[in-house]
Amino acid sequence: MSWVTLTIDGQTIQVEEGKTVLEVARENGIHIPTLCYHPALEPYGACRLCVVEIIRKGWSSLHTACTHPAWDGLEVKTNSPLVRDVRKTIMGLLLSRCPNVPIIQELAAEYGITAPPFPVEDPTENCILCGLCVRVCNDMVQAHVLNFSGRGVKRQVGPPFMEKTRQCIGCGACTSVCPTGAIEIVLEEAGVYQAKPLGPTAAIYVPTLQAVPRVPVIDTDSCIRFRQQDRTNGAIADACGACQMLCEANAIDFDQEDEFLDLDVGAIVVATGFEMWDATKLSQYSYGKSPNIITGLEFERLSNAGGPTGGEILLADGRKPERVAVIHCVGSRDHNAHEYCSRICCMYSLKQAHLVRDKTGAEVYEFYMDMRAFGKGYEEFYERVQEEGVVMVRGRGAEVEVLPSGKLRVTGEDANLGKLVAADVDMVVLSTAIEAPHDASEVASLFGLGRTPDGFFAEAHPKLRPVETNTDGVFLAGCAQGPKDVPDTVAHAGAAASMALALLGKGEVTISPAIAYVDEQFCSACKTCISLCPYTAIGFVEADNVARVNEALCKGCGTCVATCPAGAITARHFTDAQILAQIEGLFRIPVIEIPNTQYPIPDTQLPPTKESNHER
Amino acid sequence: MAELYRADVLVSCLHGRSPELVSALKQELDRRGLAGEVKVVETGCRGFCTMGPVLTIQPNGIFYTDVQLADVPEIVEETLVKGRAVQRLLYKEPATRKVIPNYDAIPFYSKQMRIVLRNCGMIDPQSIDEYIAVGGYEALGKVLSSMTPEQVIAEVQKSGLRGRGGAGFATGRKWEHTRKAAGEVKYVIANGDEGDPGAFMDRALMEGDPYAVLEGLTIGGFAVGTQQGYIYVRDEYPLAVQNLRSAIDRAHEYGLLGSDVLGSGFDFDIRIVRGAGAFVCGESSALMQSLEGKVGEPRAKHVHATDRGLWDRPSCLNNVETWANIPPIMNKGGEWFASIGTERSKGTKAFCLVGKVRNPGLIEVPMGITLREIVDDIGGGPPKGREIKAVQTGGPSGGCIPASMLDLPVDYESLTEAGSMMGSGGMIVMDDRTCMVDIARYFIDFLKDESCGKCSTCREGIKRMLEILTNISAGLGKPGDIEVLESLAKTVQLASLCGLGKSAPNPVLSTLHYFREEYEKHIAEQFCPAGVCRALIAYQVVAEKCKGCGLCIKACPQEGISGTARQPHAIDQVKCIQCGACFEVCRLDAIQVVPRSAVTVGSNGGNGYKPVREVVR
C-alpha cells in the first residue's frame with residue numbers, strides 16, 4: 001500500500017492510496033454535504049451535492065468528492081465561491097422538487113435558500129432519486145426489488161411495474177438508508193410483510209436492556225447474509241455484510257461458531273429452567289388469530305419500559321384498551337394439556353391486572369379456577385387487586401372468540417353464580433403454563449437424571465433431598481426441578497450452590513467399597529451394562545474393547561452384575577461366591593457335640609422349621 | 001466466379017421509394033430480356049437527399065436524380081438499350097439550368113472529399129466481393145502481413161486522426177493506452193448509437209459500407225491486442241444491423257474474421273449488440289453498461305475506459321466513422337491523411353447537412369473548410385428570399401453559430417471556441433424564420449426526455465431550463481429569467497456527471513451568447529421577431545400592400561380573414577390562431593408579423609395559444 005499526498009482546503013494530508021476525496025476529507029474533519037452517499041455502498045454520484053473544485057496538473061474542474069479517487073498531488077477546494085455557487089443552485093433544484101423534506105430544507109438554508117426557487121409540482125414528493133435504496137437492495141441485501149424505471153424527468157424508483165412483489169423481504173434496509181424518509185414499510189395484514197408483532201425489530205439487536213454483557217447479537221434467522229448462506233448451503237456469503245463494513249471496532253465475525261469446551265468439574269448444578277407452553281395448542285383460546293390475544297410473557301414485553309411501546313399498554317392498532325380479560329390456567333390443571341399447577345400464573349396474572357388498572361384504567365376480568373396466593377404477602381396483594389376493582393370470575397375461561405368488529409368475546413362459567421358468563425374485551429392475556437424444556441430428556445440422559453411424570457427433573461427425595469439427584473455431584477436449581485416463583489427459585493438455587501460448595505469444600509468423596517468391576521478377560525463388549533446403568537457409571541474403552549466401571553460413580557446397585565450375559569461383572573465385596581457362601585453358611589447348622597450330659601438341646605437353638613430339622 | 005454484366009444500375013435511397021423502383025427495374029429488364037446483361041444493385045446512401053431517389057448507371061457514370069416509377073421504361077429503353085442519357089432526369093444546376101450529366105461535377109459533390117463515405121452508394125453493401133474489388137481488405141492484409149501492432153498505432157498517430165464521435169480524443173493515443181493497459185482480455189468497440197435528431201452519418205456508413213467498419217475494427221483489434229470486438233448499434237437501424245450481420249457472416253466465410261485471420265495467426269471476432277434507443281447510451285460509460293446488459297447509465301469516469309471499461313477491462317471505444325477511417329490510413333499512410341485538414345484536425349468529417357438549405361444531405365468535407373462553403377456551395381444556400389441566421393452543429397448538445405461567423409473553419413478547436421462542438425456531425429442550418437429561444441427550447445425538450453435522470457443537475461436542471469424557456473416563448477417570461485437560465489446552465493455544465501449533462505446547456509448558452517437580444521425581446525417587448533412563438537405575435541394585413549386577392553381568405557383554417565375583392569383584407573384577431581398560413585401564401589408581403597400587443601384582441605384575450613410549431617421544417 002503506497003501513500004499519496006493531497007491538499008484539501010490548504011491542509012496537506014497524507015493518506016493511503018485507494019480512498020476517495022470525500023473519505024479523506026471526512027477523516028480529517030472537513031465537512032462536505034452529501035445526500036446520496038453511504039459508507040457501506042458504492043459511491044454513485046447522483047445528488048452532485050458533494051462537488052468540489054479539484055486542481056490537477058494545473059487544470060481546475062468540478063468533480064463529485066464521493067467518486068473522485070484521492071490521487072497524489074491533488075489540490076481540493078471544498079468550499080470555494082464557485083463550489084458554493086453550484087451547490088446553492090443544486091439545493092434550489094432539490095428543494096423545488098422536494099419542498100417538505102426537513103434535511104433538504106436544512107441544507108438549502110445553509111446555502112441561503114429558504115423557499116423553492118422554482119415552481120413546485122408535487123409538494124408531497126420526497127424522493128430525490130439518490131439511488132441509495134436501489135443500491136442497498138441490489139448490492140447488499142440482494143433482494144433485487146427496487147430499481148429505477150423511466151428516463152430523464154420520468155425517472156422513478158420502485159419495484160418492477162410499481163407493483164407489490166413477494167421478492168420484498170420487508171428488511172427495511174431501504175428505509176434506513178433513505179436520506180429523505182421517502183420510503184415507508186407498510187405491514188400487510190398477512191403474507192410477506194408480516195412482522196412478528198412483539199418480535200425483534202432488526203437482525204442485530206441487544207437482547208434486553210439489562211443484557212450482560214451488553215453487546216448486540218445477530219439473529220441468524222433474520223440476517224440476510226446468514227439466510228443466503230442457508231439457501232446456498234454455505235457456499236456463498238457476499239450478501240449485505242453492512243455491519244461488518246461499518247463496525248469501527250472490527251467486532252463482527254461471521255465465521256464465529258459455537259465452541260465446545262471440555263472442563264473437568266467436581267459438581268454440576270442443572271438449572272435449565274422452563275419453557276412457556278405453546279398457547280396455540282388449545283385452539284379455543286384463538287391465540288394467533290388476533291394480535292390482541294397475547295400470552296403473559298408477551299404482556300411483560302409490552303409493559304416493559306424498554307419494549308416496543310415504551311411501556312405503554314396498547315392494542316395492536318395503537319389504541320388504549322378499555323377492557324382486558326386475563327385467563328388463568330391456560331395449559332395448566334388441564335387434562336388436555338398439563339395436569340400440574342404452574343404455580344406462578346396466579347400471582348403474575350394479578351400483577352398484570354394491577355398494571356393494566358394502573359396504566360390504562362381499563363376494566364379487568366380475571367377468569368380463575370382457584371386463587372393460589374400461597375406465598376408471603378401474596379394473599380394481601382390479592383386483596384389489594386380486588387380492591388382496585390379487578391373483576392374476579394371464578395371459573396375457567398372456556399373460549400375466546402374474535403368478533404368481526406375486532407373485539408374479543410371471552411366466555412366461561414362463573415362457578416359462584418352457577419351461570420355461563422361472557423365479556424367482550426379489547427385484549428386477552430393468556431396466563432400460559434410453564435413446562436419442562438423440550439430437550440429435557442437429552443439433558444436427563446446426559447447427567448443420568450430421572451424425570452417426574454410432569455417432565456421436570458426428579459430430585460433425590462421430594463422432602464428430604466430436594467436439590468440433589470440420584471447422580472452424586474449433580475444438583476438441581478429452580479424450575480428445572482418443577483414450577484417455582486422467584487423467591488422459591490432463589491432459595492432452591494442457593495441450596496444447590498451450597499450443596500455443590502460443600503462437596504467441593506471437602507475436597508474428597510467417600511464412596512462405598514461395594515461397587516462393580518469388569519473382569520476384562522470375560523467382557524464380550526456387548527455394552528448391555530452401559531445402557532442399563534442408572535448412574536451412567538460404566539463407560540466403554542474403545543482402545544481395549546471392554547466396558548469399564550467409573551468407581552466414583554458406581555453405587556453398587558448390581559444391575560450390571562445381574563445383567564452381564566458373559567458374567568464378566570462382579571460386585572466387589574458382594575461377589576457371587578460371597579453370597580453363595582453366606583447362603584451356605586445360613587443353612588449349615590453346626591453339629592453340636594453333645595457332652596456327656598443328658599440335657600436335651602433347647603428348642604430355640606433349633607433351625608426354624610420342623611422340616612429342616614427333620615432333614616437334618 | 002461472379003457473373004459478368006455489361007452494365008450496373010446502382011439504386012440509392014433505400015429508405016424512400018427505391019425498393020419499388022428496384023423491383024420495377026428488374027421487371028422491366030426481365031421483360032426486355034436484359035436480366036443477364038444488366039445488374040440492378042441496391043447500394044447505400046449517396047447523400048443527395050433532395051434529389052432522391054438517385055440512380056447511377058455504370059460504366060458510363062450517368063447520374064439520374066428524382067427518379068419516379070414511371071421513368072423506369074424510359075431509362076431502360078434509352079440508356080440501357082440505346083446508350084443515351086435521359087436528359088430530363090439529369091441534374092440541372094439550379095441557377096443556370098445547365099445539365100450536369102456526371103455526379104462528380106455537381107457542386108454538391110465537387111466540394112466534398114469522400115474518404116469515409118468512399119463506398120457508400122458505389123457498391124452493394126451486402127457483397128464482400130464488391131468491397132474487395134474496390135480495394136477493401138487490402139489494408140488488413142498489409143497490416144497482418146507486414147506490420148507490428150506498434151507500427152499500426154504509430155501510423156494512426158502519424159495520421160492525426162481524432163475521435164469522430166464528437167470529443168475528438170486522439171485515436172492513436174487511445175489505442176496506445178489500451179495496448180499498454182494491464183490485462184489479458186481487452187475489447188475494441190464501435191459506437192454506432194447515433195441518436196442526434198437529424199443525424200444519419202453512422203447509419204449511412206453501417207448500411208452502405210459495413211465492411212469498412214469491420215475492417216477498421218479488425219485492424220484496431222490487432223493493434224491494441226484483443227480478440228473480441230463489439231459493434232453497438234441502435235435497433236432503430238434495422239438495415240444497418242442486417243447489413244452488418246451479413247457482413248460478419250461473409251467475413252467469417254472468407255477467413256477475414258474468426259480464428260487465424262488471413263492465415264496470420266491473429267484471432268478476432270466481432271459481435272453486434274443492439275441498443276434500445278436511449279440517446280445517453282451513445283455516452284461511452286453508459287454504452288458499456290448497456291453492453292454489459294445493465295441499464296444504460298453513465299458512471300463517473302475518473303479512470304479511463306482504456307484502463308477499466310467494459311467488464312472492467314481495458315476497452316477501446318471509437319465511433320464507427322473513426323473505425324472506417326482506419327483502412328484508408330493503413331493503405332495510403334498516415335502522412336497522406338495528415339496532409340488533409342488543418343493543423344490539429346486532420347482528414348475529413350462527415351456531416352448531415354439539414355435545415356434551411358436547398359440541398360440538405362449527407363456530406364463529407366475536409367477539415368478546415370468554412371461553414372460558408374458548406375452552407376452555400378454544397379448546401380446551395382438558403383431557400384429563395386431567406387437569409388441564413390445561424391448554423392447549429394454538434395447535435396442536441398451542440399451550439400448555434402451565428403451567420404456572422406460563417407467563415408469559421410470547421411475543426412474541433414474552432415467549433416468549441418465558438419461555443420459549439422464538432423459532435424458526431426449534425427449540422428442544422430437556420431434562417432431568419434427561426435426563433436433562437438424556440439430552438440434552445442426544442443433541444444432542451446429533447447434532452448429532458450433523453451437525460452438518463454441519474455444525476456440531479458442534469459435531470460432537474462434541464463427540466464427547469466425547459467420550464468423557463470417554455471415560459472419565455474409563451475409570453476410568460478419575466479425579467480431575471482435570463483440570469484436564472486444562465487446560472488442553471490452553468491451549474492448543469494459544471495456539475496453534471498457525464499458528457500450529456502455537461503454539454504446539455506450548450507444550446508442555451510450559445511443562443512444566449514449570440515442572440516441575447518432576441519431573448520430580451522421575448523421578455524421585455526413580448527415579441528418573437530422570427531414569428532415563431534405564437535403567443536407573442538399577431539399577423540396583420542398591411543393595407544398599403546394588400547391588393548385584395550383573397551388567397552389568404554382561402555388559406556385561413558379559422559375563416560378569420562375577411563374582405564372584399566381588390567380591397568385590403570383584415571384579420572380577425574379573435575379567431576386567429578397564429579398558424580401563419582396567410583403569411584406563407586401572401587405573394588405581396590402584405591401580411592406582417594407584429595407583437596401581440598400591437599393589435600387589439602377580443603374580450604377573451606383571444607390569444608389562442610397553441611404549442612409552438614416544429615422548429616426544423
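Biologist: What separation do you get for the C-alpha centres of domain 2 of chain B and domain 5 of chain B?
Modeller: They lie 56 Å apart. This is a predicted model, by the way, and that figure is computed from its atoms.

Biologist: What makes these stretches of chain B domains?
Modeller: The bounds come from an automatic or database domain assignment. For chain B the assignment gives domain 1 (7–103), domain 2 (128–338), domain 3 (348–431), domain 4 (436–525) and domain 5 (534–598).

Biologist: And which domains does the assignment give for chain A?
Modeller: Here the list runs domain 1 (3–110), domain 2 (132–177), domain 3 (196–250), domain 4 (275–435), domain 5 (440–506) and domain 6 (513–616). Taken over C-alpha atoms, the centres of domain 1 and domain 3 of chain A are separated by 32 Å.

Biologist: Why is chain A called more spread out than a compact globule?
Modeller: Set its radius of gyration against the globule rule: chain A comes out at 38 Å, while the rule gives 25 Å for 616 residues, so the chain is well over that value and counts as more spread out. Along the principal axes, the C-alpha trace spans about 145 × 75 × 45 Å. Its secondary structure adds up to 16 helices and 25 strands, and 31% of the residues count as buried.

Biologist: How do you know where confidence in chain A is lowest and where it is highest?
Modeller: By the mean pLDDT of each element: helix α16 (residues 610–615) is at the bottom with 46, and strand β19 (residues 427–432) is at the top with 96. Chain A as a whole averages 87, with 93% of the residues scoring at least 70.

Biologist: Over which residues of chain A does pLDDT stay under 50?
Modeller: One such stretch is 189–200, for which the model has 19 contacts beyond four places in sequence. Another is 610–616, with 5 contacts of that kind.

Biologist: What makes Tyr365(A) buried?
Modeller: The cut-off for buried is 20 or more other C-beta atoms within 10 Å. Tyr365(A) has 21, so it is buried. This tyrosine lies in strand β14 (residues 363–368). Beyond four places in sequence, Tyr365(A) touches Ala325(A), Val391(A), Val393(A), Ala423(A) and Val425(A).

Biologist: Why are Ala525(A) and Lys527(A) called partly exposed and exposed, in that order?
Modeller: Exposed means 12 or fewer C-beta neighbours within 10 Å, and partly exposed falls between that and the 20 needed for buried. Ala525(A) has 15 such neighbours, so it is partly exposed. Lys527(A) has 12, so it is exposed.

Biologist: What phi does Ala525(A) have, although it is not a glycine?
Modeller: A positive one, about 60°. Lys527(A) is not a glycine either, and has a positive phi of about 65°. Ala525(A) sits in the loop between β22 (516–518) and α13 (528–532) of chain A, and Lys527(A) is also found in the loop between β22 and α13.

Biologist: How do you know that the peptide bond from Val212(A) to Pro213(A) is cis?
Modeller: From its omega, which is near -10°. Pro213(A) is in the loop between β8 (204–205) and β9 (217–218) of chain A. In chain B, the bond from Gln58(B) to Pro59(B) is cis too, with omega near 10°. Pro59(B) has its place in the loop between β3 (55–58) and β4 (62–64) of chain B.

Biologist: How many residues of chain A are in contact with chain B?
Modeller: There are 25, and they meet 26 residues of chain B. On the chain A side, β4 (59–64) and α2 (81–97) each supply at least two residues. The largest share comes from α2(A), with 6. By type, that side divides into 15 nonpolar, 6 polar and 4 charged residues.

Biologist: Which residues have the most contacts inside the largest nonpolar core?
Modeller: Cys137(A), Leu205(B), Val213(B), Leu353(B) and Met465(B), in a core of 249 residues. Leaving out residues up to four places away, Val213(B) touches Ala190(B), Leu205(B), Met206(B), Ile231(B), Val320(B), Trp323(B) and Ala324(B). Another core lies apart from the largest one and has 58 residues, among them Val324(A), Cys345(A), Tyr348(A) and Val356(A).

Technical notes
Residues are numbered from 1 along each chain as its sequence is written. Chains are lettered from A and ligands numbered from 1 in the order in which they are written. This is a predicted model: local features need pLDDT of at least 70, side-chain atom pairs count only at pLDDT 80 or more; totals for chains, interfaces and linings use all residues. pLDDT is the predictor's confidence in each residue, from 0 to 100. Helices (H or I, at least four residues) and strands (E, at least two) are DSSP runs, numbered from the N terminus. Two residues are in contact if their C-beta atoms, placed from the backbone, lie within 7 Å. Ala, Val, Leu, Ile, Met, Phe, Trp, Tyr, Cys and Pro count as nonpolar, Asp, Glu, Lys and Arg as charged, and the others, Gly among them, as polar. A nonpolar core is a set of buried Ala, Val, Leu, Ile, Met, Phe, Trp, Tyr and Cys residues joined through C-beta atoms within 7 Å. The radius of gyration is taken over C-alpha atoms; the globule rule is 2.2 Å times the number of residues to the power 0.38.
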